[in-house]
Amino acid sequence: IPGRTNLCSNHSVSTPTDLPPSNHPHIYSSLDSLDLEGYISFNDVHIAAKDFGNRYHSPPLAVLHPRSVSDISSVMKHILHLGSTSNLTVAARGHGHSLQGQALAHQGVVISMESLRSPDIKIYKGKHQQPYVDVSGGELWINILRETLKHGLSPKSWTDYLHLTVGGTLSNAGISGQAFKYGPQINNVYQLEIVTGKGEVVTCSEKQNSELFYSVLGGLGQFGIITRARIALGPAPLMVKWIRVLYSDFSAFSRDQEHLISKENAFDYVEGFVIINRTNLLNSWRSSFSPNDTTEASQFKSDGKTLYCLEVAKYFNQEEANSINQETEKLLSELSYIPSTLFSSEVPYIDFLDRVHIAEIKLRAKGLWEVPHPWLNLLIPKSRIFDFATEVFNNILTSNNNGPILIYPVNQSKWNKRTSMITPNEDIFYLVAFLPSAVPNSSGKNDLEYLLKQNQRVLSFCEAANINVKQYLPHYETQKEWRSHFGSRWETFAKRKHAYDPLAILAPGQRIFQKAT
Ligand code: FAD
């Protein structure tokens, strides 16, 4: 799209004076005069000026608190009508848990999607139909879980953390330990209601307006605003058997992970994480897990080692409590972990899914939640995961005291190729997530600059070793990098942008397209 595919500049710090002065009075009064069910605020812009990553700060001009879909459509149409006389852009803001300003709109309009949440979450369970739930795009996944559980139902695919919105995770993918079985969250949606960049309200699904449907799923907010979503449900279990075991050999660890995701009726959740040089590791697990063999577990030493923890879960109901132990024992007998490191626990399903929130509460209490988060999420093809692990976990990283490193494989066959989400082109690929918090300590090693350099070393290694990694929750500085991220799908992505958001008004914080002026 000539003239529309330029990168936005990096507006990490900004003031209202960045806009042509003549724009301001005109824009203020025109937005203020819109007839809305909700309201537009010019005073609380600071709440939409940053995100969880806490590195990019950029206040919008206004925040829309919509009460209806037509509020969103009116604002979009109004901005479209202003055309190139304003440089207003629009960002939907879910829970603001992006990392590099993806939900910000520099001097534009941020739409607070949580204001659109409807008081009732509608659940359908017809006799001849798979059950589903209809929710607002601004709804938090934790609320959907609480509501669906009342009917013995639950969404099938999750993220590790549930205090995120439907629109936010569906704009990316929504990946967790269930994705090997059900695919990511974007593959568990039946229908969407979208306000496009032209202000049109469109219902879409696999059968109806399917191009828009698949564009928006994993579409980084580029094509429209998700105002409603119809999400697939399945039966909810009551309890979860949650197991952790350790490996010192990466090959054995990844072989077992791949074995487990190839089995249909094995575990319901498969993840894993890397532990580098941790003292007293197993002791720290005892508050939530019990060792299988207390004496052996107390003799195990983690100091100085790089270890790989396989984390699996099996769902069950009360009447299956006896058979579940036999089933998990059988599955575990097929694996080659270090026997003394078997730990397990039984918890209610909701506690298992909402587990990261417990960590959030603790970190908030210590003032360690609202710190910079230089996170890096990569998708690595299976054929190169050993090379990646050898270099990154043994040579580039010397500790993971500053935050977890997740690693687990998923099956490409469970990912619908028609969505906008980009994955490596192999049957199995791994999600590797470096999730540090930048909290300076006395050695100065955990500071932001150090962690950012470490991320860069990981990325540089992948490039030098020719590992075809794809970033998840991608962040790029140049259009060359975006084109390379999308590869042969770039032209389609750009064409769809032109079709659904011709002035490139939406989601400017992704820095893919720049609004035409
Ligand atoms: P926001 O950050 O508000 O928005 C993200 C992007 O989507 C922006 O570009 C925004 O403009 C756009 N957007 C938001 N709402 C809409 C909408 N309704 N319509 C169209 N576009 C919209 N991800 C995983 O996949 N798996 C995980 O396990 C996981 N764990 C996480 C744990 C934590 C603690 C955090 C902070 C993040 C985690 N994430 C995970 C990442 C998370 O899924 C994304 O950051 C997601 O975008 C956050 O949702 P949000 O509602 O905060 O979206």
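This is a short guided tour of the structure, stop by stop, with a residue or element to select at each one. Keep in mind that the model is predicted.

**Stop 1: the domains**

Start by colouring the protein by domain. Domain 1 takes in residues 16–112 + 492–510, domain 2 covers 122–235, and domain 3 runs over 239–472. Now show domain 1 and domain 3 together: their C-alpha centres are 37 Å apart. Where they meet, six residues of domain 1 are in contact with seven residues of domain 3. On the domain 1 side, the touching residues are three nonpolar, two polar and one charged.

**Stop 2: an open sheet**

Next, select strands E1, E2, E3 and E4. These four strands make an open sheet of mixed pairing, in the order E1-E2-E4-E3. At the edges are strand E1 (39–41) and E3, each of which pairs on one side only. As you look across the sheet, the twist from one strand to the next averages 25 degrees.

Zoom in on E3 and E4. The two strands run parallel and are joined by four bridges. If you would like a pair of residues to look at, pick Arg93, which stands opposite Ser112 in E4.

**Stop 3: Gln100**

Stay with these two strands and select Gln100, which is in the loop between strand E3 (90–93) and strand E4 (109–112). Is Gln100 buried or exposed? Gln100 counts as buried, because it has 23 C-beta neighbours inside 10 Å, where the cut-off for buried is 20 or more.

Which residues does Gln100 touch, not counting those up to four places away in sequence? They are Gly53, Arg55, Tyr56 and His475. Add Lys50 to the selection as well: Lys50 and Gln100 are 50 residues apart in sequence, while their C-alpha atoms are 8.9 Å apart in space.

**Stop 4: strand E6 and its partners**

Move on to strand E6 (residues 132–136). This strand is mostly covered, with four of its five residues buried. Strand E5 (residues 122–124) runs antiparallel to E6 and is joined to it by three bridges. Here you can select Lys122, which stands opposite Asp134 in E6.

E6 also pairs with strand E10 (residues 224–235), again in the antiparallel sense, through five bridges. To see one matched pair, show Val135 with its bridge partner in E10, Ala229.

**Stop 5: the largest nonpolar core**

Now for the interior. The largest nonpolar core has 123 residues, and the members that touch the most others are Val90, Val109, Ile111, Ile380 and Leu431. Strand E14 (residues 306–316) gives the most to this core, with eight residues. As background, nonpolar side chains in soluble globular proteins tend to be buried together.

Centre the view on Ile380. Leaving aside neighbours within four places in sequence, Ile380 is in contact with Ile385, Phe388, Pro424, Phe429, Tyr430, Val432, Ile467 and Val469.

**Stop 6: strands E17 and E18**

One of those contacts, Phe429, leads to the next selection. Phe429 is in E18, where it is the bridge partner of Val410. Show strand E17 (residues 405–411) alongside strand E18 (residues 428–434): the two pair in the antiparallel sense over seven bridges. E17 is mostly covered, as six of its seven residues are buried.

**Stop 7: Leu397**

Follow the chain back from E17 to Leu397, in the loop between helix H13 (385–396) and E17. Leu397 is partly exposed, with 18 other C-beta atoms within 10 Å. Apart from residues up to four places away in sequence, Leu397 touches Ile276, Val392 and Gln454. Add Asn455 too: its C-alpha atom is separated from that of Leu397 by 9.7 Å, though the two residues are 58 apart along the chain.

**Stop 8: two positive phi angles**

Finish with a pair of backbone details. Select Asn280, in the loop between strand E12 (269–276) and helix H8 (281–285). The phi of Asn280 is near 60 degrees, a positive value in a residue other than glycine. Asn280 counts as exposed because it has 10 C-beta neighbours inside 10 Å.

Then go to Arg511, in the segment after helix H16 (490–500). Arg511 has a positive phi too, of about 55 degrees, although it is not a glycine. Where Asn280 is exposed, Arg511 counts as buried, with 22 C-beta neighbours inside 10 Å.

Key
Residues numbered from 1 in each chain as written. Predicted model: local features only at pLDDT ≥ 70, side-chain atom pairs only at ≥ 80, totals over all residues. Buried ≥ 20, exposed ≤ 12 C-beta atoms within 10 Å, placed from the backbone. Contact = placed C-beta atoms within 7 Å. Domains from an automatic or database assignment. Nonpolar A, V, L, I, M, F, W, Y, C, P; charged D, E, K, R; others polar. Core = buried A, V, L, I, M, F, W, Y, C linked by C-beta atoms within 7 Å. Pairing = 2+ DSSP bridges. Axes fitted to C-alpha atoms, helices over the stretch in contact; angles between N-to-C directions.
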